[in-house]
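I opened the model to look up a few sites and contacts. My notes follow in the order in which I made them.

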Amino acid sequence: MAKEIPKGKGEMIIEIKHLKKSFGQKEVLKDINLEVHKGENVVVLGKSGEGKSVTIQCIVGMLTPDSGTLKVFGENVPELNEKELKELRMKIGFLFQGAALYDSMTVRENMEFPLTRVLKMKDQHEIDERVNEVLESVGLADAIDKMPSDLSGGMRKRAGLARTLIVNPEIMLYDEPTTGLDPVTSREISKLIMDMQKKYKTTSIIITHDMDCARITADRVVMMKDGEYIAEGTFKDMEHSDNEFVRSYFNKEK
Amino acid sequence: MATQDIELTGWRKWFASIGDQWLFFGRFFRNIFSGGFEWSEFVRQCYEIGYKSMMLVGITSFIMGAVLVLQLRPSLASFGQEGMLPKTLSVSLIREIGPVITALICAGKISSSIGAELGSMKVTEQIDAMEVSGANPIQYLVVTRILAATLMIPLLTIIGDLIGLVGGFFAININDNVSAVLYIHKCIYSIDYSDFLPAFVKTIFFGLAIGFVGCYKGYNSNRGTESVGLSANSAVVTASLWIFVIDAIAVQLTSILFYH
Ligand SMILES: Nc1ncnc2c1ncn2[C@@H]1O[C@H](COP(=O)(O)OP(=O)(O)OP(=O)(O)O)[C@@H](O)[C@H]1O
Ligand SMILES: [Mg+2]
């Protein structure tokens, strides 16, 4: 069913082949194949509960696939030991569906956490500079001393985004960055994703149900159904796809 | 047949969870010495666990000391041994009642709050986020909490014991007239290291159990918000059970080592 994968220009960053994953009796991922090239934004569409989150959780080694290869920077993730996995994770930013802010810490401490714990930065002046810079770029400079519980949903998403971006990851995995937000804020976040891609040349996988977000951010769209990717192409291609299921997805949201 | 199957899976689950707990303990232990100890978080946890439990431990110990005296007095008085009250009280308080009451109170307060806190961090993916960012949640969250509990429970017990003795002093003076100096003198001379030392060592293990069970249950919560409550609840139950098991082992070891 899957179309010929269009060859990207840059070097290959993520390469997934015949990935399978079940939970008990339930086969969630049946045969996932995906290649992502440097600097590319790939949008993954699919119904709720299809296993989109499971796929990207496999990429960072949170879940171990049952079979198949899953190469990131040429290394097979399921075979990495603890130390190698940690090094890989330092190059990947993961935005959780619920932002996952540390709620016992202020926004500032949330931002400082990856700098001091992961990059082991010591110089407080340099740390402050980076925290201010990243918060400014997501428009949260005023909220720096607030607790996560005092932030609105959109602000939490942006803070979560800032916390993953602060270490300048080479790969960004976005799990539904705009879900639950109003259209205006959604568009702001989508633009932010584009800005980040331009500024830091990050390679991204973006999971979303929001067609607006997909249209703004996608270099390429893949469609997931029943544990496989059934179609892929640019946003325009997909809109005019021969496949009825794919088209219905696009029309419904219009 | 059917019941046998159910029993089998039950046992298998139990053994699997024991294995899991050993692995978790191993991870905790390795991370103590792996460098980058989180001092400021450790101090914060000592404050949360120790300082914030002091009031509760103080009040219960005071009442416990007073009640013990009021309960003991009639029996001792029946053979004219009211003078033995301070000794009886201090020995029973320091060997047994103080450590166990303090530990049980802390199991209720500390294990449950650690279980609920880590459980909710797990459910809202904060622990996953820490791990995925390349940070070490075991070191930051688990090591600090377990070590803080291991350090603070013995200290709380000592404070509890002292306050319990004060409670006993007030209770004695309801019926008899004992001066503070005489009371202190009697208490101190009725206690030797074989009363204090085993009890102290025991409380270190109580603290370890309280911290460990809270962290284990919280860290291994399932997804879904109702599991936060379940983690907190089962942390209290399991920690209390551990306290009695440790107490039973401790009394055996103590009698072998000290009182033969
Ligand atoms: N750790 C896990 N243990 C057991 N089952 C899981 C686990 N993670 C995911 N699943 C199951 O895998 C399936 C796919 O889940 P996943 O979260 O990937 O869906 P999704 O495509 O991201 O959906 P949504 O768009 O709603 O986020 C679900 O049926 C879920 O119950
Ligand atoms: Mg999901």
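Entry 1, a buried side chain. I looked up Asn76(A) and found it buried, because its relative accessible area is 14% and the cut-off for buried is under 20%. Asn76(A) belongs to strand β5 of chain A, residues 75-76. I also checked its side chain for partners: a polar atom there lies 3.1 Å from the backbone nitrogen of Leu70(A). I note here that the model is predicted.

Entry 2, ligand 1. I listed the residues around ligand 1 and got 15, the closest being Lys26(A), Ser48(A), Gly49(A), Ser53(A) and Glu176(A). The site is shared between chains, because residues from both A and B surround ligand 1. I then went through polar contacts to oxygen atoms of the ligand. A side-chain N or O atom of Lys26(A) is 2.4 Å from an oxygen atom of ligand 1. For Glu176(A), a polar side-chain atom lies 2.8 Å from a ligand oxygen. For His209(A), the distance between a side-chain N or O atom and an oxygen of ligand 1 is 3.0 Å. On its own ligand 1 has 630 Å² of accessible area, and the protein covers 72% of that. Two elements of chain A, β2 (26-37) and α1, give two or more residues to the shell. Of the elements, α1(A) gives the most, with three residues.

Entry 3, the magnesium ion. Which protein atoms are the donors of ligand 2? I found OG of Ser53(A) and OE1 of Gln97(A), at 1.9 to 2.6 Å from the ion. The two donors are 44 residues apart: Ser53(A) sits in helix α1 (residues 52-59), and Gln97(A) in the loop between β6 (92-95) and α3 (107-117) of chain A. Gln97(A) counts as partly exposed because its relative accessibility is 35%.

Entry 4, salt bridges in chain A. I counted 18 salt bridges over all chains. In one of them the side chains of Arg220(A) and Glu40(A) meet at 2.8 Å, N to O. Arg220(A) is in strand β9 (residues 220-225) and Glu40(A) in the loop between β2 and β3 (41-46), 180 residues apart. Both residues are buried. I also looked at Arg187(A) and Asp212(A), whose closest N and O atoms are 3.3 Å apart in a salt bridge. This pair links helix α6 (residues 183-200) to helix α7 (residues 211-217) of chain A. Arg187(A) is partly exposed at 35%, and Asp212(A) is partly exposed at 27%.

Entry 5, chain B. I found nine helices and zero strands in chain B. Of its 260 residues, 45% count as buried. The C-alpha trace spans about 65 × 55 × 35 Å along its principal axes.

Entry 6, a salt bridge in chain B. Arg145(B) and Glu117(B) meet through their side chains at 3.0 Å, N to O. They join helix α6 to helix α4 (residues 85-123) of chain B, 28 residues apart. Is each partner buried or partly exposed? Arg145(B) is buried, with 1% relative accessible area, whereas Glu117(B) is partly exposed at 28%. Both belong to a network of salt bridges that also links Glu41(B) and Arg44(B).

Entry 7, a surface patch. I found a nonpolar patch on chain B with about 640 Å² of accessible area together, including Met55(B), Phe62(B) and Phe170(B). Helices α3 (54-78) and α6 (137-175) each give two or more residues to the patch. The largest share, five residues, comes from α3(B).

Definitions and conventions. Residues are numbered from 1 along each chain as its sequence is written. Chains are lettered from A and ligands numbered from 1 in the order in which they are written. This is a predicted model: local features need pLDDT of at least 70, side-chain atom pairs count only at pLDDT 80 or more; totals for chains, interfaces and linings use all residues. Side-chain values use heavy atoms; hydrogens and water are left out. Donors are N, O and S atoms within 2.8 Å of the metal (3.2 Å for Na, K and Ca); water is not among the atoms, so sites may look incomplete. Buried means under 20% relative accessible area, exposed over 50%, partly exposed in between (1.4 Å probe, protein chains only). Patches are made of residues with over 30% relative accessible area and no salt bridge: like charges are joined within 9 Å, nonpolar side chains (Val, Leu, Ile, Met, Phe, Trp, Tyr) within 5 Å. Accessible areas come from the Shrake-Rupley method with a 1.4 Å probe; for residues, only the protein chains shown count as cover. A residue is near a molecule or strand if one of its heavy atoms lies within 4 Å of it. A polar contact is a pair of N or O atoms within 3.5 Å; within protein, one must be able to donate a hydrogen and the other to accept it, and residues adjacent in sequence count only if both atoms are side-chain atoms.
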